[in-house]
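Me: I would like a close look at one buried part of this model and at what surrounds it. Please take a single residue as the starting point and work outwards from there, in one connected account.

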Amino acid sequence: MIETNVSRRHHDTFLQVIQSYYQLTKPRIIPLLLITTAGSMWIAAKGQVDPWLLIVTLIGGTLAAASAQTINCIYDRDIDYDMERTRHRPMPSGRVQPRDALIFAIALAVASFTLLTVFANLLAALLAFSGIVFYVLVYTHWLKRHSTQNIVIGGAAGAIPALVGWAAVTDTLSWAAWLIFAIIFLWTPPHFWALALMIRDDYAKVGIPMLPVVAGDQATVRQIWYYTVVTVLTTVLLFYPLHASGVVYAVIALSLGGFFIHKAWRLLQSPEDRTVARELFLYSISYMMLLCLGMVIDSLPFTRSLVTAVVSYLHLV
């Protein structure tokens, strides 16, 4: 009986350790990065992605993102302790020590680089590694605590996975790849500033110069409005003039964009309404996921054939 209880305690402790390291990677953020990677891959492959390459690239991207987030947790453990919503994370709670977390982050980065180099190509591996470096040095170390533009410039780190996906398929970077990068880059400020409006007091408490803290709600929602409109307009460029995506994508992009603009307009009319800010934040996540899904659907050979058949029929009529 005693041996059984001891074994159970060891088992529970092991699971708690695994859970703590898992939480270091901020797993809720990663799926959105993978969706943008997949969307980019499907367009680059014209709807015919090698399943093995897709799996390898998504795993490599997951490992790279997990490494970057772990280092972010190490660096921000002081402010995480001061904020109520982050105080119970593995680092500030003391469940994981900084040295152990750093070893874990390095192992993840090495695994990501090796996997992408061997099974995709060196360009994809280098881009994934550059995402780690940019997120850690430029965003976490330099911008986050010192500039209201932290999210704007730092958003490039979140847009790099789209480049990784394109490079994994083609071993090059085309204008279309950079445009997808730009879409995600422009989408990041309205997405994150909507969240920052909701938790402004937490950022103010620890001295993080997020735009709502420094410039106030009115200035922030104006910026959200501008970036939202530009983001939606930019999405259409994949259809025209680049012709990287077709009419199905254009319809999906404009439909999703219309709702995005509407929600940003509502927030512009009610800058201090946290419910409206929350609605915009949640929709911005769905918007990016569905936009990437639209890229995938449009790129499929079946979709292209269907559109061609419809156009031919209309011409005959």
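**Thr-235 and its surroundings**

Reply: In this predicted model, Thr-235 has a relative accessibility of 0%, and it therefore counts as buried, the cut-off being under 20%. The residue belongs to helix H11, and, once its neighbours within four places in sequence are set aside, its contacts are Ile-183, Tyr-249, Ala-253, Tyr-287 and Leu-291.

Two of those contacts, Tyr-249 and Ala-253, are also among the residues through which helix H12 meets H11. Helix H11 covers residues 217–236 and helix H12 covers residues 247–269, and the two pack at an angle of about 170 degrees with their axes 9 Å apart. Because that angle is over 145 degrees, H11 is roughly antiparallel to H12. On the H11 side the contact is made by Gln-218, Val-221, Arg-222, Ile-224, Trp-225, Thr-228, Val-229, Val-232, Thr-235 and Val-236. On the H12 side, the residues that take part include Leu-254, Gly-257, Phe-260, Ile-261, Ala-264, Trp-265, Leu-267 and Leu-268. By character, the residues of this contact divide into 15 nonpolar, four polar and one charged. As a general point on such helices, an α-helix has 3.6 residues a turn, so residues three or four places apart point the same way.

Helix H12 also takes part in a salt bridge, in which Arg-266 pairs with Glu-279 and the closest N and O atoms are 2.7 Å apart. Since Arg-266 lies in H12 and Glu-279 in helix H13 (residues 274–299), the pair ties together parts that are 13 residues apart in sequence. Both partners count as partly exposed, Arg-266 at 33% relative accessibility and Glu-279 at 31%.

Helix H13 leads in turn to helix H2, since H13 is included in what covers the buried residues of H2, together with H3, H7 and helix H8 (175–198). Eleven of the 15 residues of H2 are buried, so this helix is largely enclosed by the rest of the structure. Among the buried ones are Ile-30, Leu-32, Leu-33, Thr-36, Thr-37, Gly-39, Ser-40 and Met-41. Helix H2 spans residues 30–44, and at 1.5 Å a residue it should extend over 21 Å, which agrees with the 21 Å between its end C-alpha atoms. Just after H2, Lys-46 takes a positive phi of about 55 degrees.

The salt bridge of Arg-266 is one of nine in the structure, and another group of them can be set beside it. Asp-76, Asp-78, Lys-144 and Arg-145 are linked in a network of salt bridges. Within it, Asp-76 pairs with Arg-145, their closest N and O atoms being 3.0 Å apart. This pair links distant parts of the chain, 69 residues apart, with Asp-76 in the loop between helix H3 (51–75) and helix H4 (77–82) and Arg-145 in the loop between helix H6 (122–143) and helix H7 (150–170). Asp-76 is buried, with a relative accessible area of 1%, whereas Arg-145 is partly exposed at 23%.

Arg-145 forms a salt bridge with Asp-78 as well, and here the closest N and O atoms are 2.9 Å apart. Because Asp-78 lies in helix H4 and Arg-145 in the loop between H6 and H7, this pair ties together parts that are 67 residues apart in sequence. Asp-78 counts as partly exposed, at 38% relative accessibility.

Key: Residues numbered from 1 in each chain as written. Predicted model: local features only at pLDDT ≥ 70, side-chain atom pairs only at ≥ 80, totals over all residues. Heavy atoms only, no water. Axes fitted to C-alpha atoms, helices over the stretch in contact; angles between N-to-C directions. Helix = DSSP H or I, 4+ residues; strand = E, 2+ residues; numbered from the N terminus. Parallel < 35°, antiparallel > 145°, perpendicular 65-115°, else oblique. Contact = heavy atoms within 4.5 Å. Nonpolar A, V, L, I, M, F, W, Y, C, P; charged D, E, K, R; others polar. Salt bridge = Lys/Arg side-chain N within 4 Å of Asp/Glu carboxyl O. Buried < 20%, exposed > 50% of the residue type's maximum accessible area, 1.4 Å probe, protein only. Expected span 1.5 Å × (residues − 1).
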